[in-house]
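Colleague: I would like a close look at one part of this protein, the aromatic side chains around the tryptophans, and then how that part sits among the cores, the charged pairs and the annotated domains. Please keep to what the coordinates give.

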Amino acid sequence: MNREVRVRFAPSPTGALHIGGVRTALYNYLFAKKMGGKFLLRIEDTDQTRFVPGAEDYIQKSLEWLGISPEESPWNPGDCGPYRQSERKPMYMQYALDLVEKGHAYYAFDTSEELDAMRERLTAARVVSPQYNSITRTQMKNSLTLPEDEVKARLASGEPYVIRIKIPRKEEVRLNDMIRGWVMVHSNTLDDKVLMKSDGMPTYHLANIVDDHLMGITHVIRGEEWLPSAPLHVLLYKYFGWEDTMPQFAHLPLLLKPDGNGKLSKRDADKHGFPIFPMDWTDPNTGDKADGFKEAGYLPDAFLNFLAFLGWNPGDHREIFSLDELVEAFTIDRIGKSGTKFDINKAKWYNEQYLRNKSDEELASYLISDVEKEGLSVDPNKAAQIAAIMKERATFPSDLWKEGKFMLIAPTSFDENVASKKWNTDAVTVLTAYREKLAGYGESLTPESAKALLEASAEENEIKFGKVMQAVRLAITGVGAGPDLMAVFTIIGKEELMNRISFALETLKIQE
């Protein structure tokens, strides 16, 4: 191909952006960058009845969060605008009329009642899929069955009409999909789709083809749900005389439910307790709220890495890729044909890997933000120390605070299950001795010195060190498990350590 590669993501502003749409945008972005081309975004808002206020802004912010912003879009226009189909409305009619003049489309004046009656007749005749097609159109009210002067009179009077494509009765339609190979469909399975609606707006099928042509789109990478429409689109390119510049098609596999049975939906996400949208979304019409991956604590680079592997693989055992590395490795031929099960645990795994690869200082910024939300403060160096010992136990940035807050806030209660089993006279003896040794220790604690003092406290009282460790942890943290305890002692410091031991000795009772 000698032309510059140009791909587009073309969402409809009908609500939040589904994770499947985000994956489509990502694959388009990766392919464009890999081929040195351009990634465009076009808002397909021809169906104004489904328009949802705020949806377009949501799409923009979601792509910006993920770092896959398009070079050309409604908010960053290039030379092929406008980039909203509603703003391109005046030009579509001329293309529809061109097809009428060429004999590839026709006017249809059927009312909704007449269309319903047609479907009822076909259903009564046991037709499995009632359609307005090469057979039924001969019995309907259109410019193929009405006299020419009557057609002109109806048009002149302003009678409502639609323009339908004239699908040939016996023709094999072929396209070579980049993922699925050759796809062949017989035209007798297709219906005469509406191209221009009675309100003067084009349907997706017409606007999509015209816009892709005028915007120089070279590759159409979209979801599998559009595969049944692809033969119609191939015919439109042929009828317009644009076959030489028709884009190559790639239809992506479905994202499946966690059990693999059916397409992933919001209902499935709600049922299993995970997000399905990139960011939080509140429906302006219903007030319904839906959680997003961003607010749930997923890092954008981890989320993109996870998304990339939902249908694609690099052909080797690598799993961790930066965005630049994904661009370098990405090829269409590594996308599978079959659907991919959505595994939220894998998404969490990716988040954990990316968290652990961040510096302690970066993680500290998350912790400091959460601490400040609680009306507290923490020294940045201390925050970095906490992050360092907590990141191996964290899935989300918020876990640093949730699981590590005990290093900033002394416990006021203790795990009763651990206390009943581990709090005994040995624990009291060792902790009492340890508090005395800490009081006489004149230097700052290190993990090594903290451990040495504790071991000495046990040995001097002829108590095995390992027998009291969980009780010691309970006294300092309030729970029986957590990160390296000596590192914790170092972070909270000698004075706080002594205060916590005193509180535990006063509060906890030995159970007989």
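Modeller: What follows starts from the aromatic residues and works outwards to the domains, the cores and the salt bridges.

The model is predicted. In it, the count of aromatic pairs comes to 26. One of them joins Trp312 and Phe330, whose rings are 5.8 Å apart, centre to centre, with 35 degrees between the planes. That pair is classed as tilted, since a stacked pair needs planes under 30 degrees apart and an edge-to-face pair needs over 60. Trp312 belongs to the loop between helix 10 (300-308) and helix 11 (323-329), while Phe330 belongs to the loop between helix 11 and strand 13 (340-341), so the pair ties together parts that are 18 residues apart in sequence. Trp312 and Phe330 are buried.

The pair is also part of a wider group. Tyr27, Phe274, Phe306, Phe309, Trp312, Phe321, Phe330, Phe342, Trp349 and Tyr350 form one aromatic cluster. Trp349, a member of that cluster, has a charged neighbour as well: the charged end of Lys346 sits over the ring of Trp349, 4.2 Å from the ring centre. A second tryptophan with such a partner is Trp182, where the charged end of Arg174 sits over the ring at 4.5 Å from its centre.

As for the annotation, a UniProt entry that is unreviewed places the feature "domain: Glutamyl/glutaminyl-tRNA synthetase class Ib catalytic" at residues 4-349. This span is 34% helix and 14% strand, and its end C-alpha atoms lie 38 Å apart. The unreviewed UniProt entry also places "domain: Aminoacyl-tRNA synthetase class I anticodon-binding" at residues 378-504. Over residues 378-504, helix makes up 68% of the chain and strand 0%, with 24 Å between the end C-alpha atoms.

Next, the nonpolar cores. In soluble globular proteins, nonpolar side chains tend to be buried together. The largest nonpolar core here has 115 residues, and Ile19 and Phe489 are those with the most contacts inside it. Helix 1 (residues 19-34) gives the largest share of this core, nine residues. A second, separate core has 41 residues, including Phe109, Val185, Met196 and Leu236. Leaving aside residues up to four places away in sequence, Phe489 touches Tyr434, Leu445, Ala450, Leu454, Val472, Ile476 and Leu497.

Helix 1 also holds Gly20, which is buried at 17% relative accessible area. Gly20 is 366 residues from Ile386 in sequence, and the two C-alpha atoms are 37 Å apart in space.

That leaves the charged pairs. The whole structure has 32 salt bridges, and three individual pairs and one network are worth listing. Asp116 and Arg119 form a salt bridge whose closest N and O atoms are 3.2 Å apart. Both residues lie in helix 4 (residues 112-124), three residues apart, about one turn of the helix. Asp116 is partly exposed, at 41% relative accessible area, and Arg119 is partly exposed too, at 38%.

Asp360 and Lys391 meet through their side chains in a salt bridge of 3.0 Å, N to O. Asp360 is in helix 13 (residues 360-373) and Lys391 is in the loop between helix 14 (380-390) and helix 15 (398-404), so this bridge ties together parts that are 31 residues apart in sequence. Asp360 is partly exposed, with a relative accessible area of 23%, whereas Lys391 is buried, with 15%.

Helix 13 has a salt bridge within it as well: Asp370 and Lys373 both lie there, three residues apart, about one turn of the helix. The closest N and O atoms of Asp370 and Lys373 are 3.9 Å apart, which falls inside the 4 Å cut-off for a salt bridge. Asp370 counts as buried at 15% relative accessibility, while Lys373 is exposed at 65%.

Finally, the network: Arg8, Arg42, Glu44, Arg88, Asp211 and Asp212 are linked to one another by salt bridges in a network.

Methods: Residues numbered from 1 in each chain as written. Predicted model: local features only at pLDDT ≥ 70, side-chain atom pairs only at ≥ 80, totals over all residues. Heavy atoms only, no water. Core = buried A, V, L, I, M, F, W, Y, C linked by side-chain atoms within 4.5 Å. Buried < 20%, exposed > 50% of the residue type's maximum accessible area, 1.4 Å probe, protein only. Helix = DSSP H or I, 4+ residues; strand = E, 2+ residues; numbered from the N terminus. Contact = heavy atoms within 4.5 Å. UniProt positions renumbered as here; feature names shortened; annotations may be inferred. Phe/Tyr/Trp six-rings, centres within 6.5 Å; stacked < 30°, edge-to-face > 60°. Lys NZ or Arg CZ within 6 Å of the ring centre and 35° of its normal.
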